[in-house]
Structure formats: structure tokens, C-alpha cells
Amino acid sequence: MLRLLAPKKFLCRYPLSTGASCGAITLICVTAMAGLALFVQVMMIKDCDVCSRYVWRNSYSFSVTGIIYCIFMLCIHVWYMWGIREEKSTVIICWVVVTAMWLAQTFVLLIVLICIYNSQVKFISWLLSFIFGLFAALVLLYIVLVGYGLWLEIKQKQLAANTHINT
């Protein structure tokens with residue numbers, strides 16, 4: 001079933017390796033921006049005088065955890081770029097699994113946040129947030145599927161090379 005969803009070409013025109021590289025660069029930029037935003041948030045939280053100790057500690061710890069998570073994901077994406085260049089199928093499938101889990105976590109967080117804030121915003125704002133969040137999740141899903149398609153392509157090349165050597 002998953003093989004049917006994997007694209008054969010990136011944007012129906014370019015090789016999957018090009019698409020995987022574009023996806024990796026996109027995710028590196030998104031992760032770096034998220035990490036930078038969290039870093040700025042940590043720096044701004046330190047100066048909060050009106051926050052209660054409990055709120056400050058939770059916000060600070062979640063932000064620091066997010067920064068560590070962004071650093072981890074940056075390393076994963078850079079490793080993926082190396083795996084694309086070297087055609088390392090194990091690196092690519094590891095990236096697909098880790099990034100798919102990250103995508104699932106992000107999507108669940110989006111749904112939870114939309115449910116929490118649905119009574120505090122107007123319906124049109126809620127609907128636009130949901131639509132744009134869903135669009136972003138679908139773009140990320142396509143990037144993951146391109147990585148999976150590249151993994152399938154490399155595995156096919158390796159199987160063909162092994163079959164050729166054995167005959």
C-alpha cells in the first residue's frame with residue numbers, strides 16, 4: 001500500500017534525489033527557524049517579572065526541551081543530506097521513520113492546540129488555522145513520501161546490482 005503512495009518523480013518532473021535534497025533543505029530551514037524562535041523565547045522568559053514561578057518554570061523547561069529537540073532534528077536532516085549524496089539506504093529509511101514520527105507528533109499537537117483555543121478565537125480564525133496547518137502537514141507528508149520513494153529507488157538499484165553480480 002505504501003509503495004503506491006511513494007512518488008516516482010519529485011513534482012512529476014525531477015529525480016527523487018533532487019526532491020529529497022530540496023525537502024531536506026526545507027526541513028533544515030524550518031527546524032532552524034523553530035529553534036531560533038524557541039531560543040528567543042527562552043531569552044525573553046528570563047526577564048518575565050509578572051509570571052508566577054510555576055508558569056515560568058514550565059514555559060522555560062518546555063522551551064529548552066524544544067531547543068534540544070530542534071538541534072537533534074537538525075542533525076538528523078544533515079545526516080539525511082549525507083545519506084542522499086552517498087545513496088545510503090539505511091540512513092534514508094531511518095530519516096523517513098524519524099521524520100514521520102515528528103510529523104505525526106506535530107499534527108497531533110496542531111489538533112490539540114486548535115481544540116484548546118477553539119473557544120477563544122472566532123470561527124474563521126479557527127478554520128483558517130486548521131486549513132493552513134493541514135496544508136503544512138500535507139507538504140511535510142509529501143517530503144517524507146519523496147524520501148520513502150528515494151529509499152525504494154536505491155533499494156531497487158542495490159537489488160539489481162546484486163542480481164547482476166550473482167549471475
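Over residues 92-117 the chain is 100% helix and 0% strand, with the end C-alpha atoms 37 Å apart. Helices (H or I, at least four residues) and strands (E, at least two) are taken as DSSP runs and numbered from the N terminus. This is a predicted model, in which local features need pLDDT of at least 70 and side-chain atom pairs count only at pLDDT 80 or more, while totals for chains, interfaces and linings use all residues. Residues are numbered from 1 along each chain as its sequence is written, and side-chain values use heavy atoms, with hydrogens and water left out.

The span 92-117 comes from UniProt, where an unreviewed entry places the feature "transmembrane region" at residues 20-40, 60-80, 92-117 and 123-151. UniProt positions are given in the numbering used here, feature names are shortened, and annotations may be inferred rather than shown by experiment. Residues 123-151 are likewise 100% helix and 0% strand, and the end C-alpha atoms of that span lie 42 Å apart.

The helix lengths can be checked against an expected span, which is 1.5 Å times one less than the number of residues. H2 has 30 residues and reaches 42 Å from its first C-alpha to its last, close to the 44 Å expected. For the 34 residues of H3 the expected span is 50 Å, and the end C-alpha atoms are 49 Å apart, which agrees. For the 29 residues of H4, the expected span and the distance between the end C-alpha atoms are both 42 Å.

Next comes the packing of two of these helices. Two packed helices are described by the angle between their axes and the distance between the axes. H3 (residues 53-86) and H4 (residues 89-117) pack at an angle of about 145°, with their axes 9 Å apart. Axes here are lines fitted to C-alpha atoms, for helices over the stretch in contact, and angles run from 0 to 180 degrees between N-to-C directions. The crossing of H3 and H4 is left-handed, meaning that the near helix is turned anticlockwise from the far one by less than a right angle.

Contact means heavy atoms within 4.5 Å. On the H3 side the contact includes Tyr69, Phe72, Met73, Ile76, His77 and Tyr80; on the H4 side it includes Val91, Ile92, Trp95, Val98, Thr99 and Trp102. The residues of this contact divide into 14 nonpolar, four polar and no charged. In that scheme Ala, Val, Leu, Ile, Met, Phe, Trp, Tyr, Cys and Pro count as nonpolar, Asp, Glu, Lys and Arg as charged, and the others, Gly among them, as polar.

Burial can be read along the same helices. Buried means under 20% relative accessible area, exposed over 50%, and partly exposed in between (1.4 Å probe, protein chains only). The buried residues of H3 include Cys70, Met73, Ile76, His77 and Tyr80. In H4, Val91, Ile92, Trp95 and Thr99 are among the buried residues, and in H2, Ala24, Leu27 and Thr31 are among them. An α-helix has 3.6 residues a turn, so residues three or four places apart point the same way.

His77, in helix H3, counts as buried because its relative accessibility is 0%. Not counting residues up to four places away in sequence, His77 touches Ala24, Leu27, Ile28, Thr31, Trp95 and Thr99.

Helix H5 (residues 123-166) holds Leu152, and Tyr148 is also found in H5. Leu152 is buried at 12% relative accessibility, and Tyr148 is buried at 12%. With sequence neighbours up to four places away left out, Tyr148 touches Leu2, Arg3, Ala6, Ile93 and Val96, while Leu152 touches Arg3 and Ala6. Tyr148 and Leu2 are 146 residues apart in sequence and 8.9 Å apart in space, C-alpha to C-alpha. The C-alpha atoms of Leu152 and Ile92, 60 residues apart along the chain, are separated by 9.8 Å.

The loops remain. Most residues other than glycine have a negative phi, and most peptide bonds are trans. In the loop between helix H1 (2-5) and H2, Leu11 has a positive phi near 55°. Cys12, in the loop between H1 and H2, has a positive phi near 60°. Leu11 is exposed at 53% relative accessibility, and Cys12 is exposed at 76%. Glu87, which follows H3, has a positive phi near 55°. Asp47 lies in the loop between H2 (16-45) and H3 and counts as exposed at 58% relative accessibility. The C-alpha atoms of Asp47 and Glu86 are 46 Å apart, with their positions 39 residues apart in sequence.
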